[in-house]
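User: I'd like to learn how to read side-chain features in a model like the one below. Could you walk me through it, one feature at a time?

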Amino acid sequence: MEKAVQFELRLAERMSRLGTETAFEVLNKARALERQGKSIIHLEIGEPDFDTPKNVVDAGVKALQGGWTHYGPSAGLPELRRAIAEEVGRTRGVQVQSEEVVVVPGGKPIIFFTILALADVGDEVIYPNPGFPIYESMIHYVGAKAVPIQLREERDFGFDVDELADLITARTKLIILNSPQNPTGGVLDRQTIRDIAEVIGDRNIVVLSDEIYSRLIFEGKHHSIMAEPGFQERTILLDGFSKTYAMTGWRMGYGVMRADLATHITRLMTNSNSCTASFTQMAGVEAITGDQSSVTRMCAEFQRRRDMFVAGLNKVEGFSCRMPRGAFYVFPNIRKTGWKSKRLADALLEQAGVACLSGTAFGDYGEGYLRFSIANSMENLQTALKRVGEWTKKNL
Ligand SMILES: Cc1ncc(COP(=O)(O)O)c(C=O)c1O
């Protein structure tokens, strides 16, 4: 029996401003339906359906057995910071020192710590919408002003740089970029990155560049604003292991930033997590420095699925879908169905057995869209298409 609660729960006021990530709620709802015997295809959660590569698992096991089970430095093990500095330097075409790297448990803590460390009450933070919901949640949480910039379908979910120029004010402290992008699969090309850099000019504004999907690009190349002249000292680059090496459960990511800021982000690590798990970090060294063929294979498989799934969605009544250029999400426009996104996502889950997310889970500008993760087998994706097609035939 549940214990009777005598005392009223008195949360801090700021907790009312904290948002969430709907993917986990939809997953729970889908699991509850499965317990009732329903068949559900899971296209809601954003994690690769591949195993962590064997060489990385082996390195983790070896580290556990070798005694890497103790506290380490808050900013990360020197071996891993060095490997990350070299990797980011090489891939982004900049010079990075180990002191500019902070290793944290996942990509999310870099978002959390950056906003906590830089945004004061009343400061303005510009962020992509539709976008990863944690940005908006954290901006509200610290009492800063959330200023959305709309990602537009007609621009392949890039944004209009003139609109960005109009949104920047004297209170703008931080601009968040995300490429390749969740949930749209949009990729910021080199020219757009240059235009963004030009619009920011020499203002003292920091850019949080979320590049967690940097290795999952199907067309073109990844470009980071960190490489633009004058931007290395104003950029916090976020990347990690969750997506690239299918390591979501290991909890490891990193931020690359000027050394003086890195010491403050490290203080937040000391105050919250102490450090990232030591054996996880040793596996991270292997992930970065070892065989990369698993990344190439995974990316090619996502591309195959994307091609099939987008072609299939475009045949569904009321759906139209652009070809995402990166990440592993597909973001169809469903306006012509006449349904609101949330209602349609709920109906597809409950009546068609396909779990996806409403575009509004990523902000107000996500109305009119659904997000499907293609991190599921070709066979399941084909079944999902069949179910969605049959459901729309019956219900639209
Ligand atoms: C854009 C974006 N940034 C950051 C993260 C966080 O990744 P992690 O699981 O490493 O914390 C995600 C995860 O879905 C994401 O989509």
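User: Let's start with F50. Is F50 buried, exposed or partly exposed?

Analyst: Keep in mind that this is a predicted model. The idea is to compare relative accessibility with two cut-offs: under 20% is buried, over 50% is exposed, and what falls in between is partly exposed. F50 comes out at 28%, so it counts as partly exposed. F302 has a relative accessible area of 0%, so that one is buried.

User: How do I read the ring pairs, and how many aromatic pairs does the structure hold?

Analyst: Look at the distance between ring centres, then at the angle between the planes; planes over 60 degrees apart make a pair edge-to-face. There are 15 aromatic pairs here. Take F50 and F302: the ring centres are 5.5 Å apart and the planes sit at 90 degrees, so this pair is edge-to-face.

User: Which parts of the chain does that pair tie together?

Analyst: F50 is in the loop between β1 (41-42) and α2 (54-65), while F302 is in helix α10 (residues 293-313). The two parts are 252 residues apart in sequence, and the pair ties them together.

User: What does a tilted pair look like?

Analyst: Try F241 and Y245, whose centres are 6.0 Å apart with 35 degrees between the planes. F241 is buried at 1% relative accessibility, and Y245 is buried as well, at 4%.

User: Which rings are linked into a cluster?

Analyst: Ring pairs connect F50, Y213, F302, F328 and Y329. So F50 and F302, the edge-to-face pair from before, belong to that cluster.

User: Where does a charged side chain lie over a ring face?

Analyst: For this one, check how far the charge is from the ring centre and whether it sits over the face. R234 lies over the face of F231, 4.1 Å from the ring centre. R343 does likewise with W339, at 4.0 Å from the ring centre.

User: On to salt bridges. How many does the count come to?

Analyst: The count is 24 salt bridges. Here you look at the N to O distance between the side chains, with 4 Å as the cut-off. E13 and R17 meet at 2.7 Å; E13 is exposed at 54% relative accessibility, and R17 is partly exposed at 29%.

User: Which salt bridge links distant parts of the chain?

Analyst: Look at E21 and K108, which meet at 2.6 Å, N to O. E21 is in the segment before α1 and K108 is in helix α4 (residues 108-118), 87 residues apart. E21 is buried, with 17% relative accessible area, whereas K108 is partly exposed at 32%.

User: And what separates E87 and R90?

Analyst: About one helical turn, because they are three residues apart in helix α3 (residues 78-92). Their closest N and O atoms are 3.0 Å apart, in a salt bridge. E87 is buried at 10% relative accessible area, but R90 is exposed at 61%.

User: Which residues do salt bridges with shared partners join into one network?

Analyst: That network is made up of K29, K342, D346 and E350.

User: What covers the buried residues of α11?

Analyst: To read a helix's packing, list its buried residues, then see what lies against them. In α11 (residues 341-352), the buried residues are S341, L344, A345, A347, L348, L349 and A352. Their cover includes α1, β10 (354-355), β11 (357-358), β12 (370-373) and α12 (378-395). Just after α11, G353 has a positive phi of about 75 degrees.

User: Which residues make a nonpolar surface patch?

Analyst: L9, L11, M15 and L18 make one of about 400 Å². L11 is in the segment before α1 (22-35), and at 56% relative accessibility it counts as exposed.

User: Last one: which residues is K145 in contact with, leaving aside neighbours within four places in sequence?

Analyst: K145 touches D123, E124, V125 and I139. K145 lies in strand β4 (residues 145-150) and is partly exposed at 48% relative accessibility. For a sense of separation, K145 and G66 are 79 residues apart in sequence and 47 Å apart in space, C-alpha to C-alpha.

Conventions:
Residues are numbered from 1 along each chain as its sequence is written. This is a predicted model: local features need pLDDT of at least 70, side-chain atom pairs count only at pLDDT 80 or more; totals for chains, interfaces and linings use all residues. Side-chain values use heavy atoms; hydrogens and water are left out. Rings of Phe, Tyr and Trp (its six-membered ring) pair if their centres lie within 6.5 Å; planes under 30 degrees apart count as stacked, over 60 as edge-to-face and the rest as tilted. Helices (H or I, at least four residues) and strands (E, at least two) are DSSP runs, numbered from the N terminus. Buried means under 20% relative accessible area, exposed over 50%, partly exposed in between (1.4 Å probe, protein chains only). A charge sits over a ring if NZ of Lys or CZ of Arg is within 6 Å of the ring centre and within 35 degrees of the ring normal. Patches are made of residues with over 30% relative accessible area and no salt bridge: like charges are joined within 9 Å, nonpolar side chains (Val, Leu, Ile, Met, Phe, Trp, Tyr) within 5 Å. Accessible areas come from the Shrake-Rupley method with a 1.4 Å probe; for residues, only the protein chains shown count as cover. Contact means heavy atoms within 4.5 Å.
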